[in-house]
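Student: Could you take a close look with me at one place where two helices pack together? I would enjoy a connected walk through it.

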Amino acid sequence: MAVDIAIDTGTSLTRIFLPHKGVVLCEPSVIAVRSEDNRMVAVGAEAYEMLGRTPPTIRAVYPLKGGVISDCDLAETMLSAMLGKVVSPKIRMPRAAVCVPTAITDVEKRAVVSAVIHAGMRQVCLIESPVAAAMGAGLDIRESHGSLVVDIGGGTTDMAVISLNGIAVSRSLQQAGDAMDEAIIKYVRRKHDLLIGRRTAENAKKQIGCVTEGVRSGTFCVKGSSLSTGLPDSVVLKAEEMPEPLAETALTIVSGICELLEETPPELIGDIYTDGIMLTGGGALVAGLDKLISDATDLRVHIAESPSACAVCGCGQSLSYLNRLETSRPQIHPFKN
Ligand SMILES: Nc1ncnc2c1ncn2[C@@H]1O[C@H](COP(=O)(O)OP(=O)(O)OP(=O)(O)O)[C@@H](O)[C@H]1O
Ligand SMILES: [Mg+2]
């Protein structure tokens with residue numbers, strides 16, 4: 001049996017979509033390998049649990065950075081292992097639609113195509129993340145009507161004005177969820193004299209993260225090592241203090257959106273004025289970000305349903321018309337072997 005497949009190898013999460021089944025896998029883009037020979041020890045959720053906790057004989061890493069592959073061998077191994085979890089070896093996978101950032105270079109594109117081909121696919125079709133996310137968010141991108149989609153992921157914020165199946169203007173920032181996690185780590189070190197890990201920072205962001213005051217309440221206890229004593233210690237963070245570390249990344253995203261709007265042709269701006277902005281990607285869930293964007297642009301801002309699954313679901317939708325895409329869409333880079 002042959003099945004086309006959609007893949008989103010996100011910086012934070014890898015998702016796989018199968019026709020008639022939907023999203024069949026959503027796991028952290030992490031692989032753990034033996035340091036001496038790079039043999040895989042664990043992948044996905046299991047490898048994520050090992051982050052920051054491995055002995056020197058094991059490395060647990062994210063093989064993608066800023067939305068693109070930073071370690072080809074590990075990315076290939078990770079993808080093959082994840083496909084193996086959800087697709088039986090008896091099933092042939094002739095074609096894959098894969099999301100990539102808009103600012104991806106040709107070299108980076110080749111790395112994605114190579115990883116997917118090595119993972120068992122015969123042909124690969126690359127789709128820019130905002131285009132895929134727009135489809136996944138339920139927007140009809142075939143019309144001659146402008147839609148502004150901002151996909152806030154882990155490594156990148158990828159935004160585009162889309163009309164007639166194509167990108168009119170786009171912008172890609174290397175500031176998204178991961179930058180917020182880093183900012184929390186630095187803030188806790190500076191303000192509370194405590195060194196915490198990346199997973200702890202991400203959990204804090206999800207539990208109490210907000211970019212403006214008054215949109216969230218609550219506390220979250222973070223554990224780590226005291227910088228003054230070197231001993232284990234903990235601090236209770238309050239939601240009210242979260243805007244301090246998170247505002248910088250949020251404001252960079254807001255500035256990027258304003259700059260993109262300035263570059264957008266007037267007819268398309270008129271459409272966006274009517275419809276507002278669609279936010280997708282897991283980063284869209286940071287409390288207060290939608291309001292911050294809305295206040296700065298004077299536009300309505302919508303958060304898509306299941307924002308982080310939009311890109312892979314949109315890629316999945318594109319599977320049904322892959323053959324037509326081959327000739328009709330310049331933004332999609334079809335079938336390279
Ligand atoms: N409830 C939440 N609150 C705040 N942030 C969240 C929440 N859920 C997920 N995130 C953040 O969203 C980011 C992941 O989003 P997403 O899965 O869309 O990224 P990705 O596709 O893996 O990355 P990229 O598109 O940059 O390659 C992470 O930084 C994660 O911490
Ligand atoms: Mg993404």
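Tutor: Happy to. Let us begin with a term: a crossing is called right-handed if the near helix is turned clockwise from the far one by less than a right angle, and left-handed if it is turned anticlockwise. Please keep in mind that this is a predicted model. Two packed helices are described by the angle between their axes and the distance between the axes. Our pair is α7, which covers residues 243-263, and α9, which covers residues 289-297. Their axes lie 10 Å apart and make an angle of about 40°. Angles under 35 degrees would count as roughly parallel and 65 to 115 as roughly perpendicular, so α7 and α9 are oblique to each other. As for handedness, α7 and α9 cross in the right-handed sense.

Now for the side that each helix brings to the contact. From α7 come Ala250, Leu251, Val254, Ile257, Cys258 and Leu261. They meet Leu289, Leu292, Ile293, Ala296 and Thr297 of α9. By type, the residues of this contact divide into 10 nonpolar and 1 polar, with no charged residue among them. It helps to recall that an α-helix has 3.6 residues a turn, so residues three or four places apart point the same way.

Since a cysteine appears in the contact, a bench question may follow: how many disulfides does the structure hold? The count is 0. Cysteine 72, for instance, is in no disulfide, and the nearest cysteine sulfur, that of cysteine 99, is 18 Å away.

Note on methods:
Residues are numbered from 1 along each chain as its sequence is written. Chains are lettered from A and ligands numbered from 1 in the order in which they are written. This is a predicted model: local features need pLDDT of at least 70, side-chain atom pairs count only at pLDDT 80 or more; totals for chains, interfaces and linings use all residues. Side-chain values use heavy atoms; hydrogens and water are left out. A disulfide is a pair of cysteine sulfur atoms within 2.5 Å. Axes are lines fitted to C-alpha atoms, for helices over the stretch in contact, and angles run from 0 to 180 degrees between N-to-C directions. Helices (H or I, at least four residues) and strands (E, at least two) are DSSP runs, numbered from the N terminus. Angles under 35 degrees count as roughly parallel, over 145 as roughly antiparallel, 65 to 115 as roughly perpendicular and the rest as oblique. Contact means heavy atoms within 4.5 Å. Ala, Val, Leu, Ile, Met, Phe, Trp, Tyr, Cys and Pro count as nonpolar, Asp, Glu, Lys and Arg as charged, and the others, Gly among them, as polar.
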